[in-house]
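Work through the exercises below with the sequence and the coordinates open beside you, and try each task before reading its solution.

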Amino acid sequence: MGTGRLGVLLDQFDVTRERAQVRLTGLGDEEYLWEPVPGSWSIRRRKEAATPRAYGPGDWVLDKGAPDIPASEYAEVARQVAAGMTVAKIADDWSVSVRRVEEILADTAPPEPDRTAVTTIAWRLGHLHSGFAARWEWTFGTRRQDPAQLVDFTPVAALALDRFWADVDRWRADVATVTDEQLDTVGFSQYPSGSDPDDPFVDVVSNTNLELIHHMAEIALLRDLWQARRPS
């Protein structure tokens, strides 16, 4: 077990990565793209995109819906404002209007529409991969490339996993080199699609670990559901 803040976070990351790789062993293309319900968010050919903001640089794009702040994030929005983030910055991060953020803070936001998205394993993995690639680029890279253009999504599960683990390991290797001073530096990561520029880097590292943990848990559940529908 490592010591200090960085050591603990790296240990948490390593254990999660090891368990996730074991859990993903044997993932095939059919299971990777399986839709638990019709219309699940997934990766699709660009001309077949089913969501208004699907993105990616190649022939295959990752579903992304209309911008909004889900109810599960209202408490985080309030925390960010209390910590000094401007309403305008939060609105920009979520691609919503300032009025929408003000409604949430005043507890007068209209009821959230029924837009819960069930996803495929391909979507969960692609979403994670996009986040790791973009955070690396905007922390240790040139800090110039469009986050939406960094991952070439593919319908081939083995290829998607190879690319994913390579970018995950690149992130981990560079995070391991940061100093205590850099951990405390606000804006050490300039990733533009989140609160990174307003957070100390130690918070970014912790939140990235949590992203890996909770999305891999969701992928594990999808694998269980796949097995349950196809008795051996």
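**Exercise 1.** Determine how many helices and strands there are in the chain, and in which order the elements run.

*Solution.* Taking helices (H or I, at least four residues) and strands (E, at least two) as DSSP runs, numbered from the N terminus, one finds nine helices and two strands. From the N terminus on, their order is α-α-β-β-α-α-α-α-α-α-α. This is a predicted model, in which local features need pLDDT of at least 70 and side-chain atom pairs count only at pLDDT 80 or more, while totals for chains, interfaces and linings use all residues. Residues are numbered from 1 along each chain as its sequence is written, and side-chain values use heavy atoms, with hydrogens and water left out.

**Exercise 2.** Count the salt bridges, and work out which parts of the chain the pair Arg23 and Asp224 ties together.

*Solution.* With a salt bridge defined as a side-chain nitrogen of Lys or Arg within 4 Å of a carboxyl oxygen of Asp or Glu, the count comes to 15. One of them joins the side chains of Arg23 and Asp224, at 2.7 Å from N to O. Because Arg23 lies in helix H1 (residues 4-23) and Asp224 in helix H9 (residues 201-229), the pair ties together parts that are 201 residues apart in sequence.

**Exercise 3.** Classify Arg99 and Glu103 as buried or exposed.

*Solution.* Buried means under 20% relative accessible area, exposed over 50%, and partly exposed in between (1.4 Å probe, protein chains only). Arg99, at 61% relative accessibility, is therefore exposed, whereas Glu103, at 19%, counts as buried. Their side chains nevertheless meet in a salt bridge (3.5 Å, N to O), and both residues lie in helix H5 (residues 98-105), four residues apart, about one turn of the helix.
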